[in-house]
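User: Please examine the following model with me. I should like to go through its chain fold, one of its helices and the relation between its copies.

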2 protein chains.
Amino acid sequence: MTTNRLTVIPIGGLGEVGKNMMAFIYGNEAIIVDAGMMFPENDMPGIDYIIPDFRFLSQQSDLKVHAIIITHGHEDHTGAISHVVQAFPAPIYATPLTCGLLEVKLKRDRRFDSSNLIRFEAGDVLKLGPFTVDTFHVCHSIPDCVGLGIDTPVGLVVHTGDFKIDHTPVDNWPTDFAKLAEFSRRGVLALFSDSTNAERPGWTPSESVIDAAFDRVFSKAQGRIIISTFASLISRIQQVAWAAQRFDRKMAIAGTSMSENVRMARNLGYLEIPPEMLISTDEAKNLPPEKVVIIATGTQGEPSSVLSRLAHGRHPVFSIDEGDTVIISAHPIPGNEEMVSRTINRLIQRGAAVIYEPIEQVHVSGHASQEEQKLMINLVRPKYFVPIHGELRQLTQHAALAERLGIPHENIAVVENGTTLTFTSEGQMKVGERKPGGYVFVDGARVGDVGPAIMRDREILARDGVVVVNVVYQKSRGVFLTEPEIITRGFIFQPDSAALLDEARQIVRKVVKQNANGNTVSLVQEALSKLFASQTGRHPVVFAFVNEV
Amino acid sequence: MTTNRLTVIPIGGLGEVGKNMMAFIYGNEAIIVDAGMMFPENDMPGIDYIIPDFRFLSQQSDLKVHAIIITHGHEDHTGAISHVVQAFPAPIYATPLTCGLLEVKLKRDRRFDSSNLIRFEAGDVLKLGPFTVDTFHVCHSIPDCVGLGIDTPVGLVVHTGDFKIDHTPVDNWPTDFAKLAEFSRRGVLALFSDSTNAERPGWTPSESVIDAAFDRVFSKAQGRIIISTFASLISRIQQVAWAAQRFDRKMAIAGTSMSENVRMARNLGYLEIPPEMLISTDEAKNLPPEKVVIIATGTQGEPSSVLSRLAHGRHPVFSIDEGDTVIISAHPIPGNEEMVSRTINRLIQRGAAVIYEPIEQVHVSGHASQEEQKLMINLVRPKYFVPIHGELRQLTQHAALAERLGIPHENIAVVENGTTLTFTSEGQMKVGERKPGGYVFVDGARVGDVGPAIMRDREILARDGVVVVNVVYQKSRGVFLTEPEIITRGFIFQPDSAALLDEARQIVRKVVKQNANGNTVSLVQEALSKLFASQTGRHPVVFAFVNEV
């Protein structure tokens, strides 16, 4: 890389481009924006989480990273912070709430003491090597989010972060139009803009519509109200508190992550709940049901969440009673629909009235829809447009929308993670080579060792289970020292399969005897696979040990 | 059961009530409605399909089943026909297209010759023991669907089947309002009505809106058009043929199920495609792209489908080229979102323009929304209302809707699969006991042997894989006859794990030597599990064979 060009690389995210991490590089000087993780999809068993594959960048020994800037406190922007700061030991910049959430993660991973966490306020300007970063407030579904105006030697580039345009947000702090207009006046080389909802026409509703929906539900509810939402959705927790206040109910917080986030957000002043409104779960149990609101996690049907344990009747403190109202104040994330549906059905089975979208508008998206995306483009008036934070399908729609607003087709780049975009001092954008900037699996204590081969093996094991066979054969005398031992897992219901296993043992004996000098192990495995296929139609993994002594 | 009462039992379906099968029983005489299957959800690895658990009914030796009536040709109403007819060897009644589809299944399962498949036309009246069944046409997303007016000694009960109210269906054959009105005049004891879309306000759009959407897409497409839909969605195939005709393109059918269905539907007169319009896939390859439409399956991202193979560049005849337009004329079934999204992204990656809802209205649901459900209730004016064909969440919404229309709360029954509903000759409905009428897994050649224990083992195997250990130890001399053998699957990447496996072998040697007379196997398994957990954070299933000779 020569010094007179800016290189921008989106990194990580399962299919979403630039969601977890982006690098802005000028010469050998860089800033990193976001350090997030993804949760595994349904066909990725055993994977704990997924982080950006930034190895191509950390291996570049002369690269000087001046800062890791985190745009907001959601997992997909913060969850890989310990991995990223280990690879790039630069200061981490974030707004107060985001700092609070990062601190928890860094402490958990024992990286807090070695990290340099620098707090800024939206609107602050950060001088970072050759970059001057103008931070600006944006609305989203967690407070204290920022976008970035990154002034570089080749021009000003704007990164929206995750955003929506909400004129009546819960915290009364709308997206910073003045700063966006100022960027436009200064002239914007490129806009990198959130594409999540590029398939949705119109405007995303304001968070304020939730208040009215809560009013309708609260006014009808005769018994307890249990509201489930994301622990990070601080503004929703605020709306629940307000509704509880309006309807003269006390509020209990169930679950660790929700309690921790409420405590931190109250300490930092992002959440206003009068102390006398908050009660413990034990107190909630003893109050009349119509005086209680319980707030909890579990909107995605996660088995260990409070809501799922309530649905299964396995919560240590509460059980769902006839007359309870459960509000699910979130949408299922794609891939979680089955789990969410089962949770709803089980809650209904236990007698609860369950309220969710579209029954009532108890949730709105935190991302801009098409009309807001248009407004962003027209406020910023960039020369080049790069849709980010979406899969190819959303990026493509966002690109088409930008083209309809007059940005020339050739000035729009739809790229994938790892693809390098360069901006020259002559003000030209070029799509360059693609680096291995996808994602890696974290499974247990190891990062990146689980690849397609292991995943394929796991899939095969999950499909039909496993059979292991052990036999000890005394070749010289032609006798078996023990009866062939057969163990199965995930293959058949053994108590009902005595005949099949007897037949399997006979086959093992026969094959071993006949082929005492041959390739016995694979012959045993083949013979058993054949038997199992013909008798059960299943294809378990078969391991055989033929010990000849 | 006494003879003066009608018992109705919904059976099977994963969470959907009465979707796959329903039994109507008077005394010991019965008719069965539908014989369908479900596909496994994401956390059911290895399961091929799922059928209703009708064993409680087939074990009732004095039960006389007069008929199995199939309301329409979709898998969730036909897919278990071979299992059902084996348990209940009664005649199977269906309309011509449904008969055609059933014939294929029965022949595949070698049950056609022993089955008695009786064809009727919508509007026909069937005399079946104590039941007189008035069949009536309903619109849905496959032609030739019926609902049933079942006249019983205790009164008339109406079963809607899957339905929507489409005033401009593709085949010009609207839902039979006259018959429904006639039922109302005769007086309806109970209505069993399709709840699938009970969460959707308004009206489901008519199939005819697809024509306009196809016009918009076809008029813009410069190259080939590839349309993916369900093989059973005959009316959509008709609409594709009409659009191809309007835009002077020829049409090729890709894939076996699509070709078979097109052939049958044309033979039976449900599909009008001029012979000169149809071309082979080879001919399609040689025509200019702007003259070709290819129709194929794969809307759910199924890996073996034509669309998925195109997306992965693994189709034997076609590849996706820059300029191709792909239309996905279906919605993802819940649980399939991830696969569908990946397919869309991959098609875009290969240069296709991909059109799907909500980009264009290229699909509409085949089920009634709330306004249609209201119309059905008000046309039929039943005394009792029983929502079916939905999960508890949809049934609950449908029940609330019926109550708003004036059906008394106590005259509405939301029940689950297996629950018996009885209607007495005095015109009373009672919710009775719940029979084991859920579902059973079919895995390979076996039905019903895979239960929760096996599924749990499969989940554990999938999560962290398996390790098997074999060692032969000569106790008398205290020596190992072979080096401990360790095989892993789905656990670690073995080429990178030599040190870990060496350590594992040393541990095995040590434990075996120290405990030559003890419970060596479990001690080895424990020691290795501990090692793997501390070194990798993973918990594979460990099997050890310690052969002492």
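User: How many helices and strands are there in chain A?

Analyst: This is a predicted model. Of the 549 residues of chain A, 54% count as buried, and residues 24 or more positions apart account for 71% of its contacts with a separation of 6 or more. The secondary structure of chain A comprises 16 helices and 27 strands.

User: How many residues of helix 13 of chain A are buried?

Analyst: Helix 13 of chain A runs over residues 392-404 and reaches 18 Å from its first C-alpha to its last, close to the 18 Å expected. A residue counts as buried if 20 or more other C-beta atoms lie within 10 Å of its own. Among those that are buried in this helix are Leu392(A), Leu395(A) and Leu401(A). The helix is mostly covered, the buried count being 10 of its 13 residues.

User: Which elements of chain B do the buried residues of helix 13 of chain A pack against?

Analyst: Within chain A, these buried residues pack against helix 12 (370-380) and strand 19 (382-388). In chain B, their partners are helix 11 (337-349) and strand 18 (353-355).

User: Which residue of chain A has the C-alpha nearest the axis?

Analyst: Chain A can be laid on chain B with an RMSD of 0.1 Å by a turn of 180° and a shift of 0.0 Å along the axis. The two copies are thus related as by a two-fold rotation axis. In chain A, the C-alpha nearest this axis lies 2.5 Å from it and belongs to Ala462(A).

Definitions and conventions: Residues numbered from 1 in each chain as written. Chains lettered and ligands numbered in written order. Predicted model: local features only at pLDDT ≥ 70, side-chain atom pairs only at ≥ 80, totals over all residues. Least-squares fit on C-alpha atoms with pLDDT ≥ 70 in both. Helix = DSSP H or I, 4+ residues; strand = E, 2+ residues; numbered from the N terminus. Expected span 1.5 Å × (residues − 1). Buried ≥ 20, exposed ≤ 12 C-beta atoms within 10 Å, placed from the backbone. Contact = placed C-beta atoms within 7 Å.
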